[in-house]
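Me: Hi! I have a structure open and would like to talk a few bits of it through with you. Could you help?
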Amino acid sequence: MPEGKLFIGGEWETGTGAAITSVFPADGSVNRVFAGASAADGLRAIERARAAQADPAWRGLRAHERARLLARIADGIEANADRIARIQTLDTGKTLRETRALAASAAGTFRYFAAVLETADEALTVQRGEALTASVHEPLGLVAAITPWNSPIASDAQKVAPALAAGNAVLLKPASWSPLVSLELARIVAAAGLPKGLFSVLPGAGREIGNLLVEHPDIAKVSFTGGTETGRALARKAAEKLMPVSLELGGKSPTIVFDDADIDLAVAGVLYGIFSSSGQSCIAGSRLFVQRGIHDAFVARLVAATERLRVGHPFDDATQVAPLIHFDHRDAVAAHVAAARAEGASVLTGGRAPGGGLYDRGAYYLPTILAGMDNTARICREEVFGPVLAVLPFEDEAEVIAKGNDNAYGLACGIWTRDFPRAWRVGRALRTGTVWINTYKQFSISTPFGGEKDSGMGREKGRDGIRAYMAQKSVYTDLSGRPLPWAGGAV
Ligand code: NAD
């Protein structure tokens, strides 16, 4: 378990900000209480980052040399994968099965961006005069990465790997509910030999250390993953200093089951889409549209399958639905369900915390299916970020496209049908960053990810992921050896 010291520009130091308490939500036991980062700690990290990033030892490193460093970080994550998984499970309550997968994905992300870096060619542009014209990329300088609590090691890697690959210094601020695994990442990065100063991990309050990172003139970019309102406030501040931001925000993703779908595949996909990670996933398929002809039979199967899901302790490999991140978050999820009931929704299953034995000690909430409401109900508009599914019937393609799009968010959607042209049409018509056809919640680091509308702006992952952390520069080099003609007579 990390000691709770902060990683400030390569030095382990005790923070001077407000106390952070990491709690194991499966039983309420305290993992660690420690002082988070204050603005003064952040300023020290920025100072060290500035010096380290400007050092030719880093700026001048060749791509293949920097790639080697990233590959060593990937090795470090793999070598410590069990430890990382356990820390993350204690920090978040996620199942060990899931946190092991997240650790593997974080290693894969560092390895992928090492490869991208080594193969990211610069371009000579088409020559239109007697000059060699080139388009090249430079590091931005200091990048702040601000991450949420739901998949910390994976979100951290998704930002830190491309930002370091691009030659920047990175200041990472994890969420206060899940600070420990990011500190463990700092230990691995340091052991891999990253020069001091280039990486800091600063858990702390959004309004103090988060604001400092966004407002400080030396921070050239903020890459943010979190809630839409936080992202919107951050973007307003970024506009003041004309700073680029990338925003990965919330979602209320529609999953659509047509009457010709393979029902076994669809039931499994819908269940996984909403109830894995206990629904604490930006891309959770939280609005389910089922075509009228199969609606009742499909929903009956879904409810029965939901009631067979194993809700349990995160260290138990049989567990499918683990506790939520925090007792406060469970209360927030329960409040959403209560509001839906007040608006007329009926609970088909779940709708409460389970009781007895280990359930009484942890922040558990039963997988919940709600029906009988309209697409305009709050439960269909607002992100719950918990194991709560709203089910709605639909008649035809045009109706479901209109309803799918009738939402402020635009992160992802799922389409279940055997009719491929229809899946393609509907997928293209829904305004979301990702479309899953006959599958759901699948990811690949080589495939870009991001949202539309209130789900954010910018894309992460993919070969262009590294360019999001670079400044593009055009270079013209004269090939004629003659003075420019305009100045002719005067020279
Ligand atoms: P949040 O917005 O409360 O916090 C996210 C991060 O921002 C945390 O580190 C927090 O401390 C920090 N923060 C808070 N106030 C800040 C401020 N004023 N300035 C700078 N930073 C500040 O979100 P959360 O509750 O941690 O995470 C859940 C949300 O994240 C959900 O809405 C979910 O959909 C979203 N999310 C999106 C994606 C995606 O890729 N689109 C992925 C995961 C989570």
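Me: Where is the kink in α11 centred?
Reply: On F298, where α11 bends by about 30°. Bear in mind that this is a predicted model.

Me: OK, and how far apart are the end C-alpha atoms of that helix, α11?
Reply: They are 25 Å apart. Helix α11 has 17 residues, 292-308, so at 1.5 Å a residue it should span 24 Å, and the two values agree.

Me: Which residues of α11 are buried?
Reply: I294, H295, F298, V299, L302, V303, A305 and T306. So the residue at the centre of the kink, F298, is one of the buried ones, meaning under 20% relative accessible area.

Me: What do those buried residues of α11 pack against?
Reply: One helix and several strands: α10 (263-275), along with β12 (254-257), β13 (287-291), β14 (346-349), β15 (368-371) and β16 (388-394).

Me: Switching to the ligand: how many residues surround it?
Reply: There are 24, and the closest are T147, K173, T230, L249 and E383.

Me: What does K173 do there, distance-wise?
Reply: An N or O atom in the K173 side chain sits 2.7 Å from an oxygen atom of the ligand.

Me: And which residues have polar atoms by a ligand nitrogen?
Reply: N211 has a polar side-chain atom 3.1 Å from a nitrogen atom of the ligand. With G206 a polar backbone atom is involved, at 3.5 Å from a ligand nitrogen.

Me: Last one: which residues does the UniProt domain annotation cover?
Reply: The unreviewed UniProt entry gives "Aldehyde dehydrogenase" for residues 13-475. Over that stretch the chain is 41% helix and 20% strand.

Terms used:
Residues numbered from 1 in each chain as written. Predicted model: local features only at pLDDT ≥ 70, side-chain atom pairs only at ≥ 80, totals over all residues. Heavy atoms only, no water. Helix = DSSP H or I, 4+ residues; strand = E, 2+ residues; numbered from the N terminus. Expected span 1.5 Å × (residues − 1). Bend = angle between axes of the 7 residues up to and from the residue. Buried < 20%, exposed > 50% of the residue type's maximum accessible area, 1.4 Å probe, protein only. Contact = heavy atoms within 4.5 Å. UniProt positions renumbered as here; feature names shortened; annotations may be inferred. Near = heavy atom within 4 Å. Polar contact = N/O pair within 3.5 Å; in protein donor to acceptor, adjacent residues only side chain to side chain.
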